[in-house]
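Thanks for coming. I have one structure to go through today, so let me put it on the screen.

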Amino acid sequence: MEFDLIVNLAAIVGYPACRKNPVEAQATNVQGMRNILNVRDGRMVIQASTCSNYGFRSGGVCDEDTELRPLTEYGDHKVEAEKMLM
């Protein structure tokens, strides 16, 4: 089967789920991205993002230039996966 891009929607989502299953969360959220990058063979990868990357903000809108300050394991995982992808 041929395809042009990979859309990664796999994740253990949110603080409670990551705290309850930390090994599974790390394996899915971080190692999963490594696995994709190892087999992508030049294909574009699209990674779903989350506001968990930005931590607490007291107003305004976050965009691609906003500093990343995750507060939970889930946010840490998503930031790590995005950095690998970049």
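I will start with the overall layout and then go through contacts, surface and a few single residues.

First, this is a predicted model, so please keep that in mind throughout. The protein chain has three helices and two strands. Reading from the N terminus, the order of the elements is β-α-α-β-α. In extent, the C-alpha trace covers about 45 × 30 × 15 Å along its principal axes. The chain has 86 residues, and 30% of them are buried.

Now the salt bridges. How many salt bridges does the structure hold? There are two salt bridges, and I will take them in turn.

One is between the side chains of R19 and E73, with an N to O distance of 3.0 Å. R19 belongs to helix α1, residues 15-20, and E73 to helix α3, so this pair ties together parts of the chain that are 54 residues apart in sequence. As for exposure, R19 has a relative accessible area of 49% and is partly exposed. That value sits just inside the class, because exposed means over 50%. E73 is also in the partly exposed class, at 26% relative accessibility.

The other salt bridge joins the side chains of R34 and E80, at 3.2 Å from N to O. Here R34 is in helix α2, residues 22-39, while E80 is in helix α3, and the two are 46 residues apart, so to speak a link between distant parts of the chain. R34 comes out as partly exposed, with a relative accessible area of 31%. For E80 the relative accessibility is 31%, which again counts as partly exposed.

Staying with helix α2, M33 is located there as well. Is M33 buried or exposed? M33 is buried, at 0% relative accessibility. Its C-alpha atom is 7.7 Å from the C-alpha atom of M84, although the two positions lie 51 residues apart in numbering terms along the chain.

Next, the surface. Which residues form the nonpolar patch? They are L5, V7, L9, M44 and I46, and together they have about 470 Å² of accessible area. Two elements give two or more residues each to this patch: β1, residues 5-8, and β2, residues 44-47.

Two of the patch residues deserve a closer look. M44 is placed in strand β2 and is exposed, with a relative accessible area of 51%. I46 is in strand β2 too, but I46 is partly exposed, at a relative accessible area of 37%. Both values pass the entry condition for a patch, because that condition is over 30% relative accessible area.

Two C-alpha distances help to place these strands. M44 and G14 are 30 residues apart in sequence, and their C-alpha atoms are 26 Å apart in space. For A10 and Q47, the sequence separation is 37 residues and the C-alpha to C-alpha distance is 9.3 Å. A10 is part of the loop between β1 and α1, and A10 is partly exposed, with a relative accessible area of 45%.

On to the aromatic side chains. The count of aromatic pairs is zero. There is, however, a charge over a ring: R43 lies over the face of F3, 4.1 Å from the ring centre.

Then two loop residues. D41 is in the loop between α2 and β2. What is notable about its backbone is the phi angle: D41 is not a glycine, yet its phi is positive, at about 50 degrees. As background, most residues other than glycine have a negative phi. In terms of exposure, D41 is exposed, with 70% relative accessibility.

The other loop residue is T50, found between β2 and α3, the latter being residues 73-85. T50 counts as buried, at 13% relative accessibility. A polar atom of the T50 side chain lies 3.1 Å from the backbone nitrogen of S52.

To recap the contacts: helix α3 takes part in the salt bridge from R19 in helix α1 through E73, and in the one from R34 in helix α2 through E80. On the surface, the item to remember is the nonpolar patch of L5, V7, L9, M44 and I46. That is what I had; I will take questions now.

Technical notes: Residues are numbered from 1 along each chain as its sequence is written. This is a predicted model: local features need pLDDT of at least 70, side-chain atom pairs count only at pLDDT 80 or more; totals for chains, interfaces and linings use all residues. Side-chain values use heavy atoms; hydrogens and water are left out. Patches are made of residues with over 30% relative accessible area and no salt bridge: like charges are joined within 9 Å, nonpolar side chains (Val, Leu, Ile, Met, Phe, Trp, Tyr) within 5 Å. Accessible areas come from the Shrake-Rupley method with a 1.4 Å probe; for residues, only the protein chains shown count as cover. A salt bridge is a side-chain nitrogen of Lys or Arg within 4 Å of a carboxyl oxygen of Asp or Glu. Helices (H or I, at least four residues) and strands (E, at least two) are DSSP runs, numbered from the N terminus. Buried means under 20% relative accessible area, exposed over 50%, partly exposed in between (1.4 Å probe, protein chains only). Rings of Phe, Tyr and Trp (its six-membered ring) pair if their centres lie within 6.5 Å; planes under 30 degrees apart count as stacked, over 60 as edge-to-face and the rest as tilted. A charge sits over a ring if NZ of Lys or CZ of Arg is within 6 Å of the ring centre and within 35 degrees of the ring normal. A polar contact is a pair of N or O atoms within 3.5 Å; within protein, one must be able to donate a hydrogen and the other to accept it, and residues adjacent in sequence count only if both atoms are side-chain atoms.
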